[in-house]
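New notebook page, new structure. I want to get my bearings first and then look up a few residues one by one.

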Amino acid sequence: MMRSNLYMLLSFPCHLIPRFHFSTSAEVSSILTRKACMDLLRSCKSMSHFKQIHAQLFTHGLHRQIYILHKLMAFTTDVNLTHADKIFSQIECPTLFIYNLMIKAHVKSGNYRKAIFLFDELRMQGLWPDNYTYPFVFKAVGGLRMVLEGEKIHGYAFKSGDLYDCYVCNSVLDLYGELGCVQSLAKVFDEMRVRDLISWNVMISGLVKSRRFEDAIGVYKRMRREASVQPNEATVVSTVSACTSLKNLDIGHEIHEYVSIEMGFTMIIGNALLDMYAKCGCLDIARGIFDAMPEKNVICWTSMISAYVSSGHLDEARALFENTPVRDLILWTTMINGYVQFNKVNEAMTLFRYMQMDGVKPDKYTLVVLLTGCAQLGALEQGEWIHAYLEENRICIDAVVGTALIEMYAKCGCLEKSLHIFYQMKQRDTASWTSVVCALAMNGDSHRALQLFSEMIQVGIRPDDITFIGVLSACSHGGLVEEGRMHFDSMTKIYQIEPKLEHYGCLIDLLGRAGLLDEAEDIIKKVPDQDKKIIIPLYGALLSACRSYENVDMGEHIAKKLLEIESSDSGSHTLLANIYAAASRWEDSTRVRRKMKTLGTKKLQGSSTLENQ
């Protein structure tokens, strides 16, 4: 009879199950006591077993007891959230404990919106959140990047007095760190009455996430001065990452010494220090840490190999690569990227084939690295092979892969293939549009480049500084002076993009080709701070234009400016001598060349004065 009742209950539709009403009475069934039920729930290991227990609770009326219902929800939220949702929907007045379980479970499953909905619902039910509620709600808000919602819930916690709880305060710090709200992060931290080790760690990591590396190191120093707690692994790793970004070896050495004396090394700390020394150019120290590590995971090997690759020591990188016990996709890609960086595309392709033989499946980033190498060398055959591999393996040509293909075909002279890929792409981002605009400009199709740029703006894609290099280059190649001026002005006025040397260079080249030498000089004079790295090449370009138009007066004037800035530059002297020669002012041309000998100016190795003639 009992078994038939059990199976009958398990088969009931959800809407036929009676809604739960809490009872605080000490109801005890003659067959199944509350204690026996609790023992069953504690020993429960599977959902099938749980459903049997759950059915018996209905049979004996024990489902109305709050304590048992709490145990039911605790089990299902941990094991089967869908089933927990079904039970929850039948509870007329859930307790705060049940709401906390549900919010925690939905946050852990990544369903942040549901967690926030439950938080709002519990408040509407007249319940007050406690110090177990807020941390998971803040986690949900951070996951959704909802700044205003986070500030609002922070206000609730403040009014309820829960911010006096260090655990809640730490979760607020974590929220603002995740959202990049540095001012709010600092304010909450400074107003905390009690800070534990987690408080300091969350503060440092929050600043690192916001790329406020100096501030992160400042908090670490303050911790060492003021706090009663000592740095742990999390503190060290976050602070070392800030030192790495700033190339600050002074604090890095200090932390290294602290770890050696006070803490001892872990694999994670060893990796962080190895990465810092490697990126700061201290390869010997990095290798010393690597060799001293008793256990090495694939991250250790990747960090050391990446260090050798970045410094151009490809032979050492490859030797270490060959000795790695385990090679994952990231490690293979790191080594392949090293060969591509130094224009060894054939070696990269060979290693890629070894990777396939090893059974490691490439992702789109590995293939983008290879396509970049093919573009650099104009290796069309290898590039087409990779394109075919993408299609054969049905790898999605998204914005990242599509952009790499566009650039590869464009730099190999296959403009129509670049355009075909661009128009076939379902997703196009700024990089995709920029690559095709630059491809058209590079191949001399100025009008189509500017037409595509207009389409880009019309569909709502915001251009970046690289886009404008392509646009201005197109204007320069097409002799489109008015368009060039307009687009250059729009950089700062519309898009708040500060022009760089490449942008000024394109505009000066455009004006120089059009013979607008005075206007070109005015542009150079407006360069902010008269940065020598920018104005020297710009005056050089203008001097070349003076030679083309045989404008001796301006040529003399510009040459003098250049020589005032950099007196030993042979290119300026040579151009001026050539300008005089073109105007048949032979004595002046000879005088400049003699002056070059007197000053001892020399042409740069690997260059030719013919380039300036």
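**Entry 1: the whole chain.** I started with burial, and 47% of the 613 residues in the chain turn out to be buried. I should jot down that this is a predicted model. Next I looked up the secondary structure, which comes to 35 helices and zero strands. Then I checked contacts between residues with a separation of 6 or more, and 61% of them link residues 24 or more positions apart. For the surface, I noted that the chain exposes about 31400 Å². Carbon and sulfur atoms supply 52% of that exposed area.

**Entry 2: a look at Asn201.** I picked Asn201, which sits in helix α12, residues 197–209. Is Asn201 buried or exposed? Its relative accessible area is 10%, and the cut-off for buried is under 20%, so Asn201 counts as buried. What does Asn201 touch, leaving out residues up to four places away in sequence? I found Asn232, Ala234 and Thr235 on that list.

**Entry 3: salt bridges.** A reminder to myself: side chains of opposite charge can pair when their charged atoms come close. How many salt bridges does the structure hold? The count is 19, and I went through a few of them.

Glu191 pairs with Lys187, and their closest N and O atoms are 2.8 Å apart. I found both residues in helix α11, residues 182–191. They are four residues apart there, about one turn of the helix. Glu191 has 51% relative accessibility, and exposed means over 50%, so Glu191 counts as exposed.

Asp291 forms a salt bridge with Arg287, with 3.0 Å between the closest N and O atoms. Asp291 and Arg287 are separated by about one helical turn because they are four residues apart in helix α17, residues 283–292. I also checked how open the two ends are. Asp291 is partly exposed at 47% relative accessibility, and Arg287 is partly exposed too, at 26%.

Then I turned to Glu384, which forms a salt bridge with Lys417; here the closest N and O atoms are 2.9 Å apart. Which helices hold the two partners? Glu384 lies in helix α23 (residues 380–392) and Lys417 in helix α25 (residues 415–424), so this pair ties together parts that are 33 residues apart in sequence. Glu384 is partly exposed, with a relative accessible area of 30%. Lys417 is partly exposed as well, its relative accessible area being 38%.

Some salt bridges share partners, and I noted one network made that way: it joins Asp190, Arg222 and Glu226.

**Entry 4: cysteines.** Another reminder: a disulfide is a covalent bond between the sulfur atoms of two cysteines. How many disulfides does a search of the whole structure find? The result is zero. I took Cys280 as a case to check. The nearest cysteine sulfur belongs to Cys282 and is 6.2 Å away. A disulfide needs the two sulfur atoms within 2.5 Å, so at 6.2 Å Cys280 is in no disulfide. Cys280 counts as buried, at 19% relative accessibility. That value falls under the 20% cut-off, which is why I wrote buried for Cys280. I looked up Cys181 too, and it is buried with a relative accessible area of 16%.

Note on methods: Residues numbered from 1 in each chain as written. Predicted model: local features only at pLDDT ≥ 70, side-chain atom pairs only at ≥ 80, totals over all residues. Heavy atoms only, no water. Helix = DSSP H or I, 4+ residues; strand = E, 2+ residues; numbered from the N terminus. Buried < 20%, exposed > 50% of the residue type's maximum accessible area, 1.4 Å probe, protein only. Contact = heavy atoms within 4.5 Å. Salt bridge = Lys/Arg side-chain N within 4 Å of Asp/Glu carboxyl O. Areas by Shrake-Rupley, 256 points an atom, 1.4 Å probe, with all protein chains shown as cover.
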